[in-house]
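This report introduces a protein chain to a reader who has not met it before. Please look at the sequence and the model before reading on.

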Amino acid sequence: MGLEVSAAELPDDREIAVVCFSGSTAAVAAGRLRELGFDAKAMRGGINNWDASTTGTAATA
């Protein structure tokens with residue numbers, strides 16, 4: 001199943017957060033979602049770089 005098929009299942013009235021382990025795959029996917037008209041952001045550095053203890057939330061790119 002391609003991203004275009006799965007994108008049809010996503011809400012178009014709110015921001016989409018895309019997350020992967022290192023952030024690189026999420027950045028590509030978020031970019032493609034933006035091309036499709038979604039408000040999408042990838043978590044910078046992915047799960048590997050997330051530090052909820054100091055920020056409380058994840059940084060987005």
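The text below treats the overall build of the chain, then its salt bridges, and then a nonpolar patch on its surface.

The structure is a predicted model, in which local features need pLDDT of at least 70 and side-chain atom pairs count only at pLDDT 80 or more, while totals for chains, interfaces and linings use all residues. Residues are numbered from 1 along each chain as its sequence is written, and side-chain values use heavy atoms, with hydrogens and water left out.

**Overall build**

The chain contains three helices and two strands, where helices (H or I, at least four residues) and strands (E, at least two) are DSSP runs numbered from the N terminus. Along the sequence these elements follow the pattern α-β-α-β-α. The chain has 61 residues, and 23% of them are buried; buried means under 20% relative accessible area, exposed means over 50%, and partly exposed lies in between (1.4 Å probe, protein chains only). About 4200 Å² of the chain is exposed, and carbon and sulfur atoms supply 54% of that area. Accessible areas come from the Shrake-Rupley method with a 1.4 Å probe, and for residues only the protein chains shown count as cover. Of the contacts with a separation of 6 or more, 42% are between residues 24 or more positions apart; a contact means heavy atoms within 4.5 Å.

**Salt bridges**

The model has four salt bridges, each defined as a side-chain nitrogen of Lys or Arg within 4 Å of a carboxyl oxygen of Asp or Glu. The table lists three pairs, with N to O distances.

| Pair | Distance |
|---|---|
| Lys-41 and Glu-15 | 2.9 Å |
| Lys-41 and Asp-39 | 3.6 Å |
| Asp-13 and Arg-14 | 3.7 Å |

The side chains of Lys-41 and Glu-15 meet in a salt bridge. This pair links distant parts of the chain, with Lys-41 in strand 2 and Glu-15 in the loop between helix 1 (3–7) and strand 1, 26 residues apart. Strand 2 covers residues 40–42. Glu-15, Asp-39 and Lys-41 are linked in a network of salt bridges. Lys-41 is partly exposed, because its relative accessible area is 27%. Glu-15 has 45% relative accessibility and therefore counts as partly exposed, and Asp-39, at 41%, also counts as partly exposed. Lys-41 also has a C-alpha atom 7.4 Å from that of Ala-27, a residue 14 positions away along the chain.

In the pair of Asp-13 and Arg-14, Asp-13 counts as exposed because its relative accessibility is 63%. Arg-14 is exposed as well, with a relative accessible area of 54%.

**A nonpolar surface patch**

Which residues make the nonpolar surface patch of about 420 Å²? Val-19, Phe-21, Ile-47 and Trp-50 make this patch. Patches are made of residues with over 30% relative accessible area and no salt bridge; like charges are joined within 9 Å, and nonpolar side chains (Val, Leu, Ile, Met, Phe, Trp, Tyr) within 5 Å. One of the patch residues, Phe-21, lies in the loop between strand 1 (16–18) and helix 2 (24–35). Phe-21 counts as exposed because its relative accessibility is 56%.
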